[in-house]
Amino acid sequence: MHAKIKDVSGKKIKCSSPGCIKSKDGTILMEKKEILNRWSEYVEDLFKDYGCKRPKIRKNIESPTILTEEVEAAIKKMKNGKATGPDNIDLTTKLLNAIYDSGTIPEDLCKPIFIVLPKTPGATECELHKTISLMSHFTKILLRVLMHRMRKSIRPEISPKQFGFIPDKGTRNAIFTLSVLMERCIEMQKDLHLCFIDYSRAFDKVRHVELLRVLGKLDIDGKDLRVLRNLSWDQTASVRIEGEHSDFKHI
């Protein structure tokens, strides 16, 4: 309808609602159903790993069961900081081990909800929004336990020059080092050549097949890889806009 009005009047339709978004062809969408469908389409295209079959896990599946101490440590690191009683800890550990030993992840744990936040005020392009995944606390606990178990195998592979996503390090350290280097080059009247590479949606576009292939080369147990594989391949996601949800789509 909006496209027809535009053709007849020759005027561009401006978005006055904070929730409106543009379609793929640039048409402003104002109806809530159309907006939800557009976001669902965008998230599916953004995260879906097209053409990748579920790979086989060729490593031994012999990792020890998850301990209550591991679950307690994972819960303490969660942002809400809420303590859990001993009965809940034991039950959570039992359920986690059922998933860990079988590799079967309940459907509800593979259904993240996405919310979107504009990077700039008044943004109407999907690409100018941040997509944030909201997953269940149970899934977060499971992933934290796996992350802790795999860390000792992954950490040696990380370059000492990496500053982001490393404990006790940050990009501010790299910025400080670079500023000192620039000052020294100016003092010594030396040329300094810098190259900045900005990968668009780098983390969103990770190919899960390649990720599992790389992790498979490390000293990581097959149980850990199996859970990660099934969680990645069985995910379906919905987008929440102003309290309403889109249909779940496989990503």
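Helices and strands are taken here as DSSP runs, numbered from the N terminus, and it is in these terms that Asp-168 lies in the loop between α5 and α6. The structure described is a predicted model, in which the protein has 8 helices and 7 strands. Of the 251 residues in the protein, buried residues make up 33%. When contacts between residues at least 6 apart in sequence are considered, 65% of them join residues at least 24 apart.

The loop between α5 and α6 contains several residues with features of local interest. Asp-168, located in this loop, has a positive phi of about 65 degrees although it is not a glycine, and with a relative accessible area of 83% Asp-168 is exposed. Phe-165 is likewise found in the loop between α5 and α6, and for this residue, which is not a glycine, phi is positive at about 60 degrees. The side of the boundary on which Phe-165 falls follows from its relative accessibility of 73%, so that Phe-165 counts as exposed, the cut-off for that class being over 50%. Glu-157 also has its place in the loop between α5 and α6, the latter helix spanning residues 171-187, and Glu-157 counts as exposed at 57% relative accessibility. Although Glu-157 and Leu-218 are 61 residues apart in sequence, their C-alpha atoms are 9.0 Å apart in space.

Attention then turns to the pockets of the model. The largest pocket has a volume of about 2400 Å³, and of the 45 residues that line this pocket, the closest to its centre are Met-135, Leu-143, Met-147, Phe-203 and Leu-211. At least two residues of the lining are supplied by each of β4 (129-134), α5 (137-154), α7 (208-216) and α8 (222-233), while the largest share, 9 residues, comes from α5. In terms of residue character, the lining of the largest pocket divides into 25 nonpolar, 9 polar and 11 charged residues.

Two of the helices that contribute to this lining, α7 and α8, were also examined with respect to each other. The axes of α7 and α8 come within 11 Å and cross at roughly 175 degrees; since angles over 145 degrees count as roughly antiparallel, α7 and α8 are therefore roughly antiparallel to each other. On the side of α7 the contact is made by His-208, Val-209, Leu-212, Leu-215 and Gly-216, and on the side of α8 by Leu-225, Leu-228, Arg-229, Ser-232 and Trp-233. The residues of this contact between α7 and α8 divide into 6 nonpolar, 3 polar and 1 charged.

A further residue considered individually is Ser-40, which is found in helix α2, a helix comprising residues 32-47. The relative accessible area of Ser-40 is 5%, and because residues under 20% are classed as buried, Ser-40 is assigned to the buried class. When its neighbours within four places in sequence are left aside, Ser-40 is in contact with Val-239, Ser-246, Asp-247 and Lys-249. The buried Ser-40 may thus be set beside Glu-157, Phe-165 and Asp-168, for which the classification is exposed.

Conventions. Residues are numbered from 1 along each chain as its sequence is written. This is a predicted model: local features need pLDDT of at least 70, side-chain atom pairs count only at pLDDT 80 or more; totals for chains, interfaces and linings use all residues. Side-chain values use heavy atoms; hydrogens and water are left out. On a 1 Å grid over the protein atoms alone, a cavity is a set of points where a 1.4 Å probe fits but cannot get out, and a pocket is an open set with protein on both sides within 12 Å along at least five of seven lines; lining residues have an atom within 4 Å of a point. Grid points are joined across faces, edges and corners, and a volume is the space filled by probe spheres set on the points. Helices (H or I, at least four residues) and strands (E, at least two) are DSSP runs, numbered from the N terminus. Ala, Val, Leu, Ile, Met, Phe, Trp, Tyr, Cys and Pro count as nonpolar, Asp, Glu, Lys and Arg as charged, and the others, Gly among them, as polar. Axes are lines fitted to C-alpha atoms, for helices over the stretch in contact, and angles run from 0 to 180 degrees between N-to-C directions. Angles under 35 degrees count as roughly parallel, over 145 as roughly antiparallel, 65 to 115 as roughly perpendicular and the rest as oblique. Contact means heavy atoms within 4.5 Å. Buried means under 20% relative accessible area, exposed over 50%, partly exposed in between (1.4 Å probe, protein chains only).
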